[in-house]
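Visitor: Hello! Could you walk me through this protein, one question at a time?

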Amino acid sequence: QVPLVESGGGLVQAGGSLRLSCAASGRTFSSYHMGWFRQAPGKAREFVASITSSGFSRTYADSVKGRFTISRDNTKNTAYLQMNSLKPEDTAVYYCAAGSTGTIAARYVYWGQGTQVTVSS
């Protein structure tokens with residue numbers, strides 16, 4: 001079990017920034033690849049970014065490439081998603097997940113409860 005807790009969501013104007021955090025419990029965080037997904041109302045959950053357990057390799061959805069940065073601090077058992085130049089279409093509930101580096105949500109094993117990000121125009 002890897003309980004995950006997201007934080008850092010909120011309301012921001014278009015063009016603004018937010019940093020999401022995903023805190024994990026347990027001593028195995030550093031062995032898990034991590035990912036961020038998002039789900040807007042009425043839409044399917046979509047891949048945002050992923051990072052390998054070591055942090056050396058990162059993957060991004062085309063829609064966020066150049067604006068979002070995924071990172072992790074294994075000494076703090078925490079993964080991050082820095083979101084810059086936010087757009088209204090980034091509005092969604094953001095979830096962190098552990099267990100895979102792919103873009104397929106079903107391949108991730110553990111999920112957080114989600115944090116709401118709302119970008120106003």
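Visitor: How many helices and how many strands does the protein have?

Guide: Welcome! Keep in mind that we are looking at a predicted model. From the N terminus on, the elements run β-β-β-β-β-β-β-β-β-β-β. The count therefore comes to zero helices and eleven strands.

Visitor: What radius of gyration does the protein have, and what would a compact globule have?

Guide: Let us start from the length, which is 121 residues. A compact globule with that many residues would have a radius of gyration near 14 Å. The protein agrees with this, as its own value is 13 Å.

Visitor: What does the C-alpha trace span along its principal axes?

Guide: Here we need three values, one for each principal axis of the protein. The C-alpha trace spans about 40 × 25 × 25 Å.

Visitor: What percentage of the residues is buried?

Guide: A residue counts as buried when its relative accessible area is under 20%. Applied to the 121 residues of the protein, this gives a buried share of 45%.

Visitor: How much area does the protein expose, and what share do carbon and sulfur atoms supply?

Guide: The exposed area of the protein is about 6,100 Å². Of that area, the part supplied by carbon and sulfur atoms is 49%.

Visitor: Is strand 3 largely enclosed or not, and how many of its residues are buried?

Guide: Strand 3 covers residues 18-24, which makes seven residues to check. The rest of the structure largely encloses this strand, because the number of buried residues in it is five.

Visitor: Which strands pair with strand 3?

Guide: On one side of the list is strand 1 (residues 4-7), which pairs with strand 3 in the antiparallel sense over four bridges. Six bridges join strand 3 to another antiparallel partner, residues 78-83. The names to remember are strand 1 and strand 8.

Visitor: Which residues form the covered face of strand 1?

Guide: Strand 1 has two faces to sort out. Val5 and Ser7 belong to the uncovered one, and Ser7 has Ser21 of strand 3 as its bridge partner. The covered face is made by Leu4 and Glu6.

Visitor: Is Leu18 buried or exposed?

Guide: Leu18 is found in strand 3 and stands opposite Met83 in strand 8. Leaving out residues up to four places away in sequence, Leu18 touches several others, among them Gly8, Val12, Leu81 and Val117. Its relative accessibility is 16%, and the cut-off is 20%, so Leu18 counts as buried.

Visitor: How far apart in space are Leu18 and Arg67?

Guide: Along the sequence, Leu18 and Arg67 are 49 residues apart. From C-alpha to C-alpha, the distance in space is 11 Å.

Visitor: What is the relative accessible area of Tyr94?

Guide: Tyr94 has its place in strand 9 (residues 92-98). Beyond its neighbours within four places in sequence, its contacts include Glu6, Leu20, Trp36, Phe68, Leu81 and Val117. One of these, Phe68, is 26 residues away in sequence, with 13 Å between the C-alpha atoms. Tyr94 is buried, and its relative accessible area is 0%.

Visitor: Is Ser71 buried, exposed or partly exposed?

Guide: You can find Ser71 in strand 7 (residues 68-73). Not counting residues up to four places away in sequence, it touches Ile51, Arg58, Ala79 and Tyr80. Its relative accessible area is 24%, and the middle class lies between 20% and 50%, so Ser71 is partly exposed.

Visitor: Where is Asn77, and what is its phi?

Guide: Asn77 lies in the loop between strand 7 and strand 8. Most residues other than glycine have a negative phi. Asn77 has a positive value instead, with phi near 55°.

Visitor: What is the phi of Ser85?

Guide: Look for Ser85 in the loop between strand 8 and strand 9. Ser85 is partly exposed, with a relative accessible area of 40%. Its phi is positive, in a residue other than glycine, and the value is near 50°.

Visitor: How far apart are the mean positions of the positive and negative charges?

Guide: The protein has 12 positive and 6 negative charges. Taking the mean position of each group, the separation is 5 Å.

Methods:
Residues are numbered from 1 along each chain as its sequence is written. This is a predicted model: local features need pLDDT of at least 70, side-chain atom pairs count only at pLDDT 80 or more; totals for chains, interfaces and linings use all residues. Side-chain values use heavy atoms; hydrogens and water are left out. The radius of gyration is taken over C-alpha atoms; the globule rule is 2.2 Å times the number of residues to the power 0.38. Buried means under 20% relative accessible area, exposed over 50%, partly exposed in between (1.4 Å probe, protein chains only). Accessible areas come from the Shrake-Rupley method with a 1.4 Å probe; for residues, only the protein chains shown count as cover. Lys and Arg count as positive and Asp and Glu as negative; His and the chain ends are not counted. The place of a charge is taken as NZ of Lys, CZ of Arg, CG of Asp or CD of Glu. Two strands pair if DSSP finds at least two bridges between them. Contact means heavy atoms within 4.5 Å.
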